[in-house]
Amino acid sequence: MVDAATLLVGASGATAAAGSVVAWLAHRGYRRNDSRAMRFLAVGVACIAVVPFFLTYGVGPLLALSDAATLLAVLLANIAGLLSVLYSLEGT
């Protein structure tokens, strides 16, 4: 039986992998069409789906950050991602 921590890391990794693919596709759309909206969409998806994984399982343990500091970093990445997606939909 798989414990909850292992399942959480697996699910987080799968989310980061899927987010990487979506961000890569959006980046390809940006390069193909020179679309600022697609560039901001790619950055937003990466900040929402990919960056939190590396903050939680990479940077946090590497720098010995507290749980609160790691959570704050993840929340800031999510806010930046959502603002980027919002700008891609409204601002361009």
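Me: Let's start with A64: buried or exposed?
Reply: A64 is exposed, because its relative accessible area is 65%, over the 50% cut-off. This is a predicted model, by the way.

Me: And where does A64 sit?
Reply: A64 is in the loop that links helix 2 to helix 3.

Me: What's the phi of A64?
Reply: Phi is positive there, about 55°, even though A64 isn't a glycine. In sequence terms, A64 follows helix 2.

Me: Which residue has a positive phi just after helix 1?
Reply: That's D34, with a phi of about 50°. D34 is also a residue other than glycine, and D34 belongs to the loop between helix 1 and helix 2.

Me: D34, buried or exposed?
Reply: Exposed: D34 has 61% relative accessibility, and anything over 50% goes in that class.

Me: Zooming out, how many helices and strands are in the chain?
Reply: You get 3 helices and 0 strands. Going along the sequence, that reads α-α-α.

Me: What are the dimensions of the C-alpha trace?
Reply: About 45 × 30 × 20 Å along the principal axes.

Me: OK, helices one by one. How far does helix 1 reach?
Reply: Helix 1 has 30 residues and runs 43 Å from first C-alpha to last. The expected figure at 1.5 Å a residue is 44 Å, so the two are close.

Me: What about helix 3, what span should its 24 residues give?
Reply: They should give 34 Å, and the end C-alpha atoms of helix 3 are 34 Å apart, so that agrees.

Me: And how far apart are the ends of helix 2?
Reply: Only 34 Å, for a helix of 27 residues covering 36-62. A straight helix would reach 39 Å at 1.5 Å a residue, so helix 2 falls short.

Me: Where is the kink in helix 2 centred?
Reply: On C47, and the kink is about 40°. C47 is also one of the buried residues of helix 2.

Me: Which other residues of helix 2 are buried?
Reply: Besides C47, the buried set has A37, A42, G44, V45, A49, V50, P52, L55 and G60.

Me: What covers the buried residues of helix 2?
Reply: The cover includes helix 1 (4-33) and helix 3 (67-90).

Me: Now from the other side. What do the buried residues of helix 1 pack against?
Reply: Helix 2. The residues in question are S12, A16, G19, A23, A26, G29 and Y30.

Me: Which residues of helix 3 are buried?
Reply: T70, V74, A77, G81, S84, V85 and S88. These pack against helix 2.

Me: Let me pick on T70. Why does it count as buried?
Reply: T70 has 12% relative accessibility, so it counts as buried; the cut-off for that is under 20%.

Me: What does T70 touch?
Reply: Leaving out residues up to four places away in sequence, T70 touches L55, T56, G60 and L65. L55 and G60 are themselves on the buried list for helix 2.

Me: Switching to T15. Which helix is it in?
Reply: T15 is in helix 1. T15 counts as partly exposed, because its relative accessibility is 45%, between the 20% and 50% cut-offs.

Me: How far is T15 from I48, C-alpha to C-alpha?
Reply: They're separated by 9.8 Å, with their positions 33 residues apart along the chain.

Me: Same question for D34 and I48?
Reply: That pair is 14 residues apart along the chain, and the C-alpha atoms are 23 Å apart.

Me: How about contacts over the whole chain, what share join residues at least 24 apart?
Reply: 63%, taken among contacts between residues at least 6 apart in sequence.

Me: What share of the chain counts as buried?
Reply: Of the 92 residues, 26% do.

Me: And the surface, how much of it do carbon and sulfur atoms supply?
Reply: They supply 72% of the roughly exposed total, which is about 6100 Å².

Me: Last one, charges. How many positive and negative side chains are there?
Reply: There are 5 positive and 4 negative, and the centres of the two sets lie 19 Å apart.

Key
Residues are numbered from 1 along each chain as its sequence is written. This is a predicted model: local features need pLDDT of at least 70, side-chain atom pairs count only at pLDDT 80 or more; totals for chains, interfaces and linings use all residues. Side-chain values use heavy atoms; hydrogens and water are left out. Helices (H or I, at least four residues) and strands (E, at least two) are DSSP runs, numbered from the N terminus. The bend at a residue is the angle between axes fitted to the seven residues ending there and the seven starting there. Buried means under 20% relative accessible area, exposed over 50%, partly exposed in between (1.4 Å probe, protein chains only). Contact means heavy atoms within 4.5 Å. Accessible areas come from the Shrake-Rupley method with a 1.4 Å probe; for residues, only the protein chains shown count as cover. Lys and Arg count as positive and Asp and Glu as negative; His and the chain ends are not counted. The place of a charge is taken as NZ of Lys, CZ of Arg, CG of Asp or CD of Glu.
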